[in-house]
Amino acid sequence: MYTTTSPSFISIDAFMSIVAQQLGKTLNLEQQRAVEADSDESLFLVAGPGSGKTTVLTLRVLKLIFVDGIEPDAILATTFTRRAAAELRSRILGWGDQIRHGLLTNASPAQRAWLRKLDLNQTLTGTLDSLAEQVLRDFRGAGMQPPVVLDEFIARALMFREGVLGTGAYGNQALKDYLARLCRDRYMSVQSMGAIVSEIRQRIIHDRVDRAQFRASQPPQVDNLFQIIDAYEQKLREKLALDFAMLEQQFLERLQSGALSRFTERLCAVLVDEYQDTNLLQESIYFEMAKAVRQRNGGITAVGDDDQSLYRFRGATVDLFKDFVPRLRSATGIAATTIYLNSNYRSTANIIDYAEKYLRHDPPYSGARVAGKPPLRVGRTGGINVPILAMFRPDLPILARDLAAFIADVAREGRVIVTPTGQRLTIRVDPSAGSVGDIALLCSSPREYSSSGRARLPLLIRQELEQTHRIPVFNPRGQEFSEIECVQQLCGLMLECIDPGGALQQNLVPRRIPDDISDKMNAWRAVARTFIASNPPGPGTVRAGRSHSLGDFVSAWQRRSPQERSRTWPEEVPLIDLLYKLLTWIPKMQEDPEGLVYLEAITRTITQSAYFSPFDAAIRRDPPFAQRSVEAAIRDIFAPLAAGEIDIDEDLLETIPRDRLNILSIHQSKGLEFPLVIVDVGSDFRTEHYTQRFRRFPDAPGRAPALEDGLRPSSPLGAPARSGLDRAFDDLIRLYFVAFSRPQDVLLLVGLGDPRRGPNRTIPNIALGWRRQDPSPGGMRWPLTREIVYL
């Protein structure tokens with residue numbers, strides 16, 4: 001049995017009464033069953049979109065504390081993202097304090113003393129990675145160093161630097177061809193090699209692949225692949241650092257060895273959110289902790305939705321969620337109770353009906369779902385049940401023009417529609433508290449240009465809204481990071497400051513930096529020189545009777561000569577100091593929300609790269625090291641930036657400006673909701689071109705299914721049961737189901753052509769209701785509902 005120091009004073013009935021009184025929360029029968037379950041009961045909660053799973057998780061944690069008397073530091077609750085973990089923690093603390101306040105009213109003196117001492121902040125919440133890092137730090141053995149964990153983008157940049165560049169693999173065409181075959185990609189560029197090898201290595205660790213068995217099953221080029229991996233892992237060992245995959249691996253190893261017994265001996269409850277995005281390594285961690293809590297009559301709760309599993313490309317294995325109950329029993333002997341949370345409190349009846357019909361329009365998809373899963377039902381009351389809206393136009397400029405006008409109308413005076421029954425409705429944001437930030441455009445990709453350089457809907461919408469309607473847009477992922485003008489200006493200025501004309505950069509080509517990456521840095525320099533020539537306004541300081549321009553500043557840096565004659569040039573200058581001085585001439589990175597996101601990515605790159613760079617991301621003055629410090633900065637910081645190995649922080653995207661239209665990928669929208677959601681279901685599809693099929697109607701497995709097929713035969717998971725093509729279709733269905741279930745009040749579908757007639761009748765597209773078994777026009781089930789209005 002677990003031990004508790006709390007007085008036994010509150011029944012579950014009293015707890016639920018206080019929840020209703022203090023929090024105003026009334027639970028449905030399924031939610032109540034999940035919250036009230038005994039502390040030793042393990043639960044499998046299949047929670048559809050908008051079903052209140054965060055509410056249930058929070059109240060489950062608080063019930064374990066206030067009713068079952070489990071101390072907060074004996075409860076571990078984990079979820080997939082930092083944002084979701086912060087929201088869960090905020091609710092535990094906020095609602096817990098309200099419940100405590102309600103209990104204090106009629107508590108005995110002993111109960112009051114316990115309640116006042118109760119520290120809800122001790123509840124262990126976070127992502128699995130953050131919790132693993134915390135536990136390995138707090139419960140490390142004598143003499144052990146605390147873990148140094150790299151951000152994912154720094155690890156990817158290190159893979160590129162030490163593996164792809166350091167081993168010379170970027171010039172190995174046979175290796176590129178092998179990687180392309182393994183991933184089912186058409187070609188493999190130098191810039192993509194680091195990301196691809198990182199993905200393969202992560203899958204090897206996440207799927208617990210037997211490396212020797214896998215290597216024996218592959219052609220000779222696999223040895224070159226592992227040379228890259230070995231070089232990367234050797235560098236991590238030298239620096240005593242871990243990436244997230246190694247962190248989880250070490251966490252599992254220490255759990256299994258008993259080295260973390262001081263941690264597991266206190267653990268009484270484990271709750272896991274977003275379990276559908278779990279991989280085999282993470283499942284093994286959760287099952288080890290489940291065994292530990294069972295020893296104290298505790299239980300594990302897994303929460304998720306197989307229909308919202310979007311992260312196969314990051315190694316998630318949805319089958320682990322689908323088969324959670326038998327897998328848990330087989331691995332631990334624990335029997336879990338299945339509860340379906342299928343009442344949707346987010347969306348209107350028409351939206352729920354459309355999303356549910358979309359899930360069921362493709363019969364083979366049923367084999368990929370949790371058995372016996374009931375349909376979504378409407379839990380929301382009140383409000384207007386707006387029909388599904390559709391806007392299809394003959395070409396992209398007309399679609400962008402009309403969609404921008406619709407968005408502007410809705411954000412201002414409102415847009416009137418006529419329902420199929422003849423009712424007139426006005427679509428408008430809340431006039432008292434709403435804004436254009438209540439509207440989101442979801443696309444398969446938020447990129448503003450296609451791979452061939454053609455303008456896409458996100459770019460045309462930005463131009464129409466900003467130029468015609470004076471409505472700004474928030475889409476920091478709209479362009480390749482290295483192609484964004486303010487990024488080019490800043491990086492080009494820094495390069496020109498530390499290496500005038502690029503002489504030292506050229507020394508690194510092609511031995512340490514490929515030609516095409518050097519070309520991109522030279523393009524940055526050209527942008528910077530043009531920017532300098534424009535004489536942009538800056539800090540406006542005047543010294544010795546003259547103003548110092550950007551050109552003066554750059555020239556002083558190139559000469560390593562201070563602008564104030566009374567000073568001497570320091571022995572070393574951190575690159576981050578140079579960056580902040582140059583920022584004064586680039587207002588977009590000081591004031592604009594998108595610019596601030598870009599700035600954060602560059603500063604993070606510099607500060608974290610300092611850990612692996614021999615000169616700590618600083619430029620030295622003394623002759624023996626001046627040249628080498630500049631070369632190290634170019635190789636370790638600017639080359640990964642130019643190669644596209646650096647990305648912006650996903651969590652920053654979830655703090656969205658209220659005065660801008662949000663343009664997001666469907667993946668980014670996971671966990672978010674908006675009053676009005678516009679889903680792009682076909683603006684890229686002008687013709688039935690084979691290069692687009694993977695985004696609308698796959699004819700071959702994509703990269704993620706291909707890697708599963710290549711790696712899983714050497715994993716305890718074994719080969720997947722469903723074909724790679726079926727898994728590609730399954731993922732596409734899930735993707736658009738997530739998109740269709742984001743809106744609260746209005747769902748608008750947009751694309752080219754008209755699904756009722758014209759070319760869209762001949763371009764198979766799963767998002768428009770096509771069945772995978774029939775790519776002919778007869779396989780199309782559009783529209784999936786009669787409650788639809790064409791704009």
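Helices (H or I, at least four residues) and strands (E, at least two) are DSSP runs, numbered from the N terminus. With that in mind, select Gln308, which is found in the loop between strand E7 (299-304) and helix H15 (318-322). The model on screen is predicted, so local features need pLDDT of at least 70 and side-chain atom pairs count only at pLDDT 80 or more, while totals for chains, interfaces and linings use all residues. Residues are numbered from 1 along each chain as its sequence is written, and side-chain values use heavy atoms, with hydrogens and water left out.

Stay with Gln308, and ask whether this residue is buried or exposed. Gln308 has a relative accessible area of 6% and is buried, a word that here stands for under 20% relative accessible area, computed with a 1.4 Å probe on protein chains only. Add Asp305 to the selection, and a polar contact of 2.9 Å appears between the side chains of Gln308 and Asp305; such a contact is a pair of N or O atoms within 3.5 Å, where, within protein, one must be able to donate a hydrogen and the other to accept it, and residues adjacent in sequence count only if both atoms are side-chain atoms.

Turn next to the aromatic rings. Rings of Phe, Tyr and Trp (its six-membered ring) pair if their centres lie within 6.5 Å, with planes under 30 degrees apart called stacked, over 60 edge-to-face and the rest tilted. By this rule the count comes to 19 aromatic pairs. Select Phe44 and Phe324, a stacked pair at 5.3 Å centre to centre with 25° between the planes. Phe44 belongs to strand E1 (residues 42-47) and Phe324 to helix H16 (residues 324-332), so that the pair links distant parts of the chain, 280 residues apart. Both Phe44 and Phe324 are buried.

Now select Phe697 and Phe729, whose ring centres are 5.0 Å apart and whose planes stand at 85°, so the pair is edge-to-face. Because Phe697 lies in the loop between strand E21 (674-682) and helix H30 (703-711) and Phe729 in helix H31 (residues 724-740), the pair ties together parts that are 32 residues apart in sequence. Both Phe697 and Phe729 are buried.

Return to Phe44 and Phe324 and add Tyr275, Tyr286, Phe287 and Phe321, since these residues together form one aromatic cluster.Finish at Arg696, whose charged end sits over the ring of Phe685, 5.7 Å from its centre; this asks for CZ of Arg, or NZ of Lys, within 6 Å of the ring centre and within 35 degrees of the ring normal.

Notes:
Buried < 20%, exposed > 50% of the residue type's maximum accessible area, 1.4 Å probe, protein only.
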